[in-house]
Amino acid sequence: MSEEDDIILSELDDDELVQQMFDDLYDGLKEEIQEGVNILLGRGWQPYEVLTKALVGGMTIVGKDFRDGILFVPEVLLAANAMKGGMAILKPLLAETGAPTIGKMVIGTVKGDIHDIGKNLVGMMMEGAGFEVLDLGINNPVENYLDTAEREGADIVGMSALLTTTMPYMKVVIDTMIERGIRDNYIVLVGGAPLNEEFGKAIGADAYCRDAAVAVETAKEYVARKHNRAKAG
Amino acid sequence: MTTAAPETAGATVDPPDDTTLTRSGLGPRGCGQVLLIACGALAREILDLKAQNGWDHLDLTCLPAILHNHPERITQAVRDTVARHRGSYDSIHVLYGDCGTGGLLQAACEDMGVQMLPGPHCYSFFEGVEKFATRGEVTSFFLTDFLVRQFDAFVWKPLGLGRHPELLEMYFGNYETLVYQAQTDDPALTELARHHAARLGLTFERRLTGYGDLETAMAGWARSAPR
């Protein structure tokens, strides 16, 4: 729209700019998001502030409208792509500034499953929420999850599947954890289109997460509990 | 979701056009002892098998094929259709695979006491459920005759690829091959399928499957029902 074309981001004050970035994220405008991120950093914002207030704030609106059926998958992916553009600027800075990390998550799609859109969204939103995310990619056998989780001292193992034929593999991973006596070392979160809460319970996961926003909230809750237990113990 | 009005008993068994099957499905003719409840994407194949084998005692109703893109709606739609027609037929069979319902359709069918097709989806039973499972093709994207014809309605438009071709990599970047499972030997459809593969940036493979386990299951149900 021509009116929007006339907006000069650098002339907006901080609040206006963040609001504009919400709109730009909603519209999937990657270049504008990157410009907004750079402007806020130039004004002395901490990378973590830019991430949480501008990017995660905007993606939360996108996630809510997706859940409510106002936005559809293509729009969410465009928004995610725009956020990814902003994250690419922020990630090295976050590492330098020692931004708070509230937990570590290993995440990947299960063996036989190459559908990673949901997994990527969850990973990005988890990073935005302050988790360190170790992305295993697609088509992961049980060893990938467990070896990485052990080596990296992860708090959470996240598994994703889009196919009815691959979702039972999540139980293989959890059963292997039980066999090795390490099940209680990790919070196990599962997600994917054909899954439901009942399935999550049946396979022994800690929680089924229906979307990225729920995954973030669930992860925060479980990590807080885990830390509280550790303190009490 | 709109549902097609019932056809009059004795009316032609020609399937409606693909757009109608996609959006509205197909109503039953109201005659026969056995009702088949199927995905609209299977209407042509089922009607062809009925005609070839003289299975006039099998009636057919189809749910809108576009439910393929909304698997979370399939189970309830099947439940509603079974409930609506239960009193009018001796038996009912469901011609869906799991179709992304995560086992919920199977559980619903067991609960209602009706049989459904084996396998995860139509790609599986067209190829043969066991053979399909053995192949274990992780990086293949499958199309049937119906989906080749309706590619834009089921794939290209809902994924926003016309408006946002930059999303192609996000959707299909992990796929390698488009496998066209041909139910019929139609050179024009094969060329169209090859064209779709090129649009998605995938290599192309065609397999003439015929009707596979769909035919076997229907034959069993036809035999076990009195004419």
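**Entry 1: chain B as a whole**

I began with the radius of gyration of chain B in this predicted model, and found 17 Å, which agrees with the value near 17 Å that a compact globule of 227 residues would have. I then looked up the extent of the C-alpha trace of chain B, which spans about 50 × 35 × 30 Å along its principal axes. For secondary structure I noted 11 helices and 7 strands in chain B. Of the 227 residues of chain B, I found that 41% count as buried. I also looked at how far apart in sequence the contacting residues of chain B are: among contacts between residues at least 6 apart, 65% join residues at least 24 apart.

**Entry 2: the two domains of chain A**

Turning to chain A, I noted its division into domain 1, residues 2-97, and domain 2, residues 103-232. Taken over C-alpha atoms, the centres of domain 1 and domain 2 of chain A are separated by 27 Å. I next asked myself how many residues of domain 1 of chain A are in contact with domain 2 of chain A. The lookup gave 13 residues of domain 1 in contact with 10 residues of domain 2. On the side of domain 1 that touches domain 2 in chain A, helix H4 (47-67) and helix H5 (73-97) each supply at least two residues, and H4(A) gives the most, with 8 residues. Sorting that side of domain 1 of chain A by class, I wrote down 8 nonpolar, 3 polar and 2 charged residues.

**Entry 3: the nonpolar cores**

I then looked for the largest nonpolar core and found one of 72 residues, in which Leu25(A), Met125(A), Met126(A), Met170(A) and Leu189(A) have the most contacts. H5(A) contributes the largest share of this core, 9 residues. Where does this core lie with respect to domain 1 and domain 2 of chain A? Both domain 1 (2-97) and domain 2 (103-232) of chain A give residues to this core, so I record that it lies between them.

Picking out Leu189(A), I listed its contacts, leaving aside neighbours within four places in sequence, and they include Ile156(A), Gly158(A), Ala205(A), Asp206(A) and Ala207(A). The list for Leu189(A) also holds Cys209(A), Ala215(A), Thr218(A) and Ala219(A). Apart from the core of 72 residues there lies another core, of 55 residues, and among its members I noted Ile37(B), Tyr96(B), Ala193(B) and Leu214(B). As background to both lookups, I remind myself that nonpolar side chains tend to be buried together in soluble globular proteins.

Methods:
Residues are numbered from 1 along each chain as its sequence is written. Chains are lettered from A and ligands numbered from 1 in the order in which they are written. This is a predicted model: local features need pLDDT of at least 70, side-chain atom pairs count only at pLDDT 80 or more; totals for chains, interfaces and linings use all residues. Domain bounds come from an automatic or database domain assignment. Two residues are in contact if their C-beta atoms, placed from the backbone, lie within 7 Å. Helices (H or I, at least four residues) and strands (E, at least two) are DSSP runs, numbered from the N terminus. Ala, Val, Leu, Ile, Met, Phe, Trp, Tyr, Cys and Pro count as nonpolar, Asp, Glu, Lys and Arg as charged, and the others, Gly among them, as polar. A nonpolar core is a set of buried Ala, Val, Leu, Ile, Met, Phe, Trp, Tyr and Cys residues joined through C-beta atoms within 7 Å. A residue is buried if 20 or more other C-beta atoms lie within 10 Å of its own, exposed if 12 or fewer, and partly exposed in between; C-beta atoms are placed from the backbone. The radius of gyration is taken over C-alpha atoms; the globule rule is 2.2 Å times the number of residues to the power 0.38.
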